[in-house]
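Student: Hey, can you walk me through this one? I'd like to start with the basics.
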Amino acid sequence: MSTVARNLRVVRRMTAAEIAQQSVYRGAWIIFMLANICMPIISLLIWRTALSNGAQLPVDERYITTYFVLLGFVTMATSSWMAAFLANDIRLGKLSSWMVRPASLLVGFVANNLSEKFLKLFALVPMIGIVWWIFRDSMNIPAGPGRWALFAVSIVLGAVLVFTIDILIAALAFWMDDVGALVQARVIISSVLSGAVVPLALMPTWSRGFVDHQPFRFTVSFPVEIVAGQLTGRELLAGFGIQLGYVVVLGVIARLVWSAGIRAYSAVGA
Amino acid sequence: MHKQWRHLRLWRRFFAQAVVRETHYRAHFLTTLLVGLVQLGLGIVPTLLLFGFTSEVHGWSRAEVIALVGVYQIVTGLMATFVAPNMNRMTSYLTEGELDVVLLRPVSSQFYLTLRWINIAELTNVASGIVVLVIGLVQSDLRPGFGQVVQAVVLAGCGLVLLTAVWSAMSFLAFWLQSVGPIGVVYLSAVEAGRYPLVFFPVAVRAFLTFAFPVAFATTYPVRALAGDLGWGWVALGAGLAVVAMTLVRLLWRRGLLTYASASS
């Protein structure tokens with residue numbers, strides 16, 4: 001059996017097991033998702049007030065509304081929280097017990113990521129639905145399933161991208177004692193550069209060249225833009241090209257760093 | 001009065017101990033300072049971008065909103081120093097039976113659970129908040145008189161008490177829910193609404209942010225007092241609400257305590 005097929009089977013089994021385990025905390029997921037949509041709703045109300053008060057924004061009310069209603073969903077769907085845990089497993093030597101197993105330690109983290117997101121969906125989708133219904137008159141809803149399919153594809157690519165960045169940061173634990181500060185820096189930088197705080201369309205003109213091409217745009221903003229914005233066919237093609245490029249390049253780097261780390265690894269307590 | 005003095009003396013001891021403790025963790029002090037500054041900078045980004053597109057929103061200029069961000073930073077810094085470290089422990093107090101030991105002590109257990117732990121390093125955020133407030137006031141040409149400053153301080157104090165009451169009430173739900181860690185996350189996300197003046201929100205939301213989740217008293221009203229827009233009536237309203245909120249939380253605590261059946265023994 002090929003390695004890929006085996007790993008996929010392990011991921012599937014572990015995801016099912018994780019879902020069973022995590023559903024014990026279903027109340028907590030509902031409350032966490034409530035916290036997750038607080039910030040987008042606050043931002044939505046603030047920017048709509050600015051618009052109705054005569055602020056000259058480069059985007060219209062429909063864009064702003066659609067953007068912030070979908071934002072909570074996309075940040076959840078592409079998020080990753082494993083960097084600190086993975087770094088701990090490397091530092092404290094839990095990696096050792098996985099090195100003699102027929103699957104990578106990372107498989108467990110993939111399963112954890114997928115299962116939590118699966119459960120969060122049940123809490124989050126109804127909440128987004130309610131907000132959507134309240135603002136239904138000023139939502140941009142693309143006709144036909146084409147845009148929604150692209151939206152889904154770019155969310156998957158975005159999720160892979162965030163996960164890869166986290167592997168890269170956590171893998172530094174092979175050489176460093178504490179990557180906590182780096183993890184925190186990643187969270188803070190990406191919150192602004194991904195468009196999770198303010199839509200990137202509202203960033204100042206002088207920063208656009210950088211903002212539009214840096215990797216974090218493709219972790220949150222790009223998927224939302226596909227639905228909320230009027231991206232032309234050309235822009236869509238370029239966007240997907242850059243997104244795929246980042247996934248491949250960062251994936252290759254993560255792969256190299258990870259295998260270099262495994263070679264440099266000397267387990268604690270072994 | 002004797003009892004109140006004893007609690008005040010006790011709190012002074014908590015504070016002194018926290019200061020001594022902080023001197024052992026100087027790196028923690030420095031990272032808290034740095035993270036606080038970065039978060040302050042990021043928190044102000046939406047405001048700066050917003051006022052790049054307009055010069056005023058519902059009568060608020062950029063400088064006034066910056067002053068408001070300063071007040072927000074001061075109030076949330078005080079909460080993070082004196083209240084947050086305790087709220088984050090509520091789950092373990094109740095589910096691991098640590099409350100048993102507290103109940104045996106000759107001190108109000110609610111007081112002890114709410115104010116025992118102090119995170120001195122967060123006071124750096126209060127300092128940076130004061131700087132931002134002063135910058136905002138200077139830029140906005142507001143020159144508050146003595147009376148207005150007193151109004152603002154009292155209103156911010158009421159806001160502090162009200163927010164503590166709300167957070168305590170949310171945390172005391174641990175008596176019935178067992179784990180309240182996630183509820184703290186909801187509180188911290190919702191309090192972000194205090195970064196903006198009340199009038200930036202639709203009318204229904206304004207009522208919510210004044211009476212149900214009262215961030216308005218912590219940020220908007222103090223700044224309006226500094227601008228001289230508020231009379232003493234508002235200060236009285238704030239104080240009245242603070243007393244009502246404290247009474248309600250006290251009742252909730254009593255009800256919760258009745259359901260407590262320890263965790264270990």
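Tutor: Sure, one term to begin with: helices (H or I, at least four residues) and strands (E, at least two) are DSSP runs, numbered from the N terminus. By that rule, W11(B) is found in helix 1 (residues 2–24) of chain B.

Student: Is this an experimental or a predicted model, and how are things numbered?
Tutor: This is a predicted model, where local features need pLDDT of at least 70 and side-chain atom pairs count only at pLDDT 80 or more, while totals for chains, interfaces and linings use all residues. Residues are numbered from 1 along each chain as its sequence is written, chains are lettered from A and ligands numbered from 1 in the order in which they are written, and side-chain values use heavy atoms, with hydrogens and water left out.

Student: Back to W11(B), then. What does W11(B) touch?
Tutor: Contact means heavy atoms within 4.5 Å. Not counting residues up to four places away in sequence, W11(B) touches F82(B), F111(B), L115(B) and I118(B). The C-alpha atoms of W11(B) and Y112(B) are separated by 9.0 Å, though the two are 101 residues apart along the chain.

Student: How accessible is W11(B)?
Tutor: W11(B) is partly exposed, with a relative accessible area of 25%. Buried means under 20% relative accessible area, exposed means over 50%, and partly exposed is in between (1.4 Å probe, protein chains only).

Student: And Q22(A), is that buried or exposed?
Tutor: Q22(A) is buried, because its relative accessible area is 11%. Q22(A) lies in helix 1 (residues 3–22) of chain A. Leaving aside neighbours within four places in sequence, the contacts of Q22(A) are W29(A), N112(A), S115(A), E116(A) and L119(A).

Student: New topic: how many residues does each chain bring to the contact between A and B?
Tutor: Chain A brings 27 residues and chain B brings 25 residues. Between them, the two chains bury about 2,300 Å², with 82% of it on carbon and sulfur atoms. Buried area is the accessible area (1.4 Å probe) that two parts lose on being put together, summed over both.

Student: Which elements of chain A touch chain B?
Tutor: Those giving two or more residues are helix 2 (26–52) and helix 8 (180–193) of chain A. Helix 2 of chain A gives the most, with 13 residues. By class, that side of chain A has 22 nonpolar, five polar and no charged residues. Here Ala, Val, Leu, Ile, Met, Phe, Trp, Tyr, Cys and Pro count as nonpolar, Asp, Glu, Lys and Arg as charged, and the others, Gly among them, as polar.

Student: How many salt bridges are there between chain A and chain B?
Tutor: Zero. A salt bridge is a side-chain nitrogen of Lys or Arg within 4 Å of a carboxyl oxygen of Asp or Glu. Over all chains, the count comes to seven salt bridges.

Student: Cool, what's one of them?
Tutor: E61(A) and R48(A) meet through their side chains in a salt bridge (3.3 Å, N to O). E61(A) lies in helix 3 (residues 61–77) of chain A and R48(A) in helix 2 of chain A, so the pair ties together parts that are 13 residues apart in sequence.

Student: What about D166(A) and R186(A)?
Tutor: D166(A) forms a salt bridge with R186(A), with the closest N and O atoms 2.9 Å apart. D166(A) is in helix 7 (residues 146–171) of chain A and R186(A) in helix 8 of chain A, 20 residues apart. Both D166(A) and R186(A) are buried.
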